[in-house]
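Please open the model in your viewer and keep the selection tool at hand. This tour moves from one stop to the next, saying at each what to select and what is there.

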Amino acid sequence: MNRRNFLGLATGGMVAATAGAPIASEAGELSMTTETSYALTRPAYIDQSHLVVKDLGLVSGFYQSMLGLKVIEKSASGEVLGVGGLPLLTLTTARNAAIAPRNAAGLFHTAFLMPDRTELARWLRHAAHNNVVLDGASDHLVSEAIYLSDPEGNGIEIYADRPHQQWKFHQDGMIEMATLRLDLQALYDSAPDERWDGMAAGTAIGHLHLQVGDIPQADAFYRDVLGLTLMARYPGASFFATGGYHHHLAANIWNSRGAVARADNLTGLSDYKIRFNEKATLDAAVSKLDALEINSEKRDGGVFLRDPWGIGLTLSS
């Protein structure tokens, strides 16, 4: 199959990656920015993520060869992967690890934010030349996104933001997003014809998208307890952020309606870290935890707790 047919087939698979989201008409092209990621300059952002896997070598090899992450640390039971020496993703395994069912609470996808549109195109060119199977691709108005899965079914998004000055906000402060067809062929054609040496410096986890059991309960925890702002709603999903970003966290029930707390030995998302650029925002979140008597503990230089579905998170500054 030639590159053009490969990309056409990938575009046709978009529904698998965007099920449950509204579809709108084609959006016009907007220019991209190469500035430092806006997502990371907000009062808080996603710092790192931790996945439990069955086959450490297989999954780590995928993130290295297909996504371009580098090994930063190794231990008997896990590896830390990142970009430019900056840790982003921890993978660990255990003998009793059990594959999480599709309808379990946990990870919908980890979203890797590229520094600019050119880097997104360069990654797509690498994916096409290495027969990476894509689950879909979407234009979300605020960003352009490509979807795939790792060998154990953990969802992945590779995306680039449009300049935040071009985002549109409603009068109630919510952001305008949509799920439109992304022209993968045009994106591929825009990539420089040069060697790809892995993820570029500045790549980060722009957001995490979670599977939860109940949206009102997710709103109560992420908005009312942690203090994140509700930025958008889709049918069956809420999108949260700080500082006017489109979303640092999302939660949906598209596969997991009614899900209960995760078992400790399940594969998938074990925990993640939220880093606060403003200590006052962190202090407010921790004070709210104390006031509501939500169990938490000091760990790894931050405050560790679990959401209503047993997903761990560490708040730090």
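Which residue lies over the face of Tyr38? Bear in mind that the model is a predicted one, then select Tyr38 together with Arg42, and you will find that Arg42 lies over the face of the ring, at 3.9 Å from the ring centre.

Keep Tyr38 selected and add Trp167, one of the partners in the 8 aromatic pairs that the structure holds. The ring centres of Tyr38 and Trp167 are 5.7 Å apart and their planes stand at 85°, an angle over 60 degrees, so this pair is edge-to-face. The two residues come from distant parts of the chain, since Tyr38 sits in the loop between α2 and β1 while Trp167 sits in the loop between β8 and β9, 129 residues apart. Both Tyr38 and Trp167 are buried. If you now add Tyr245 to the selection, you will have a cluster of Tyr38, Trp167 and Tyr245, linked by ring pairs.

Next, select Phe108 and Trp254, which form another edge-to-face aromatic pair, with 5.5 Å from centre to centre and 80° between the planes. This pair too links distant parts of the chain, for Phe108 belongs to strand β5 and Trp254 to the loop between β13 and β14, 146 residues apart. Are these two residues buried or partly exposed? Phe108 has a relative accessibility of 16%, which is under 20%, so Phe108 counts as buried, whereas Trp254, at 23%, counts as partly exposed.

Phe108 also leads to the next stop, the largest pocket, because Phe108 is among the lining residues that lie nearest its centre, along with Arg102, Leu107, Gly153 and Gly155. About 510 Å³ of space lies in this pocket, and 27 residues line it. Colour the lining by residue type and you will see 13 nonpolar, 10 polar and 4 charged residues. Strand β5 gives the most to this lining, with 4 residues, and among the other elements that each supply at least two are α2, β7, β8 and β14.

Then select Arg299 and Phe304, where Arg299 lies over the face of Phe304, at 3.8 Å from the ring centre.

For the last stop, select Asp283, which is found in helix α7, residues 279-291. With a relative accessibility of 35%, Asp283 counts as partly exposed. Add Leu315 and compare the two kinds of distance: Asp283 and Leu315 are 32 residues apart in sequence, and 9.7 Å apart in space from C-alpha to C-alpha.

Conventions. Residues are numbered from 1 along each chain as its sequence is written. This is a predicted model: local features need pLDDT of at least 70, side-chain atom pairs count only at pLDDT 80 or more; totals for chains, interfaces and linings use all residues. Side-chain values use heavy atoms; hydrogens and water are left out. Buried means under 20% relative accessible area, exposed over 50%, partly exposed in between (1.4 Å probe, protein chains only). On a 1 Å grid over the protein atoms alone, a cavity is a set of points where a 1.4 Å probe fits but cannot get out, and a pocket is an open set with protein on both sides within 12 Å along at least five of seven lines; lining residues have an atom within 4 Å of a point. Grid points are joined across faces, edges and corners, and a volume is the space filled by probe spheres set on the points. Ala, Val, Leu, Ile, Met, Phe, Trp, Tyr, Cys and Pro count as nonpolar, Asp, Glu, Lys and Arg as charged, and the others, Gly among them, as polar. Rings of Phe, Tyr and Trp (its six-membered ring) pair if their centres lie within 6.5 Å; planes under 30 degrees apart count as stacked, over 60 as edge-to-face and the rest as tilted. A charge sits over a ring if NZ of Lys or CZ of Arg is within 6 Å of the ring centre and within 35 degrees of the ring normal.
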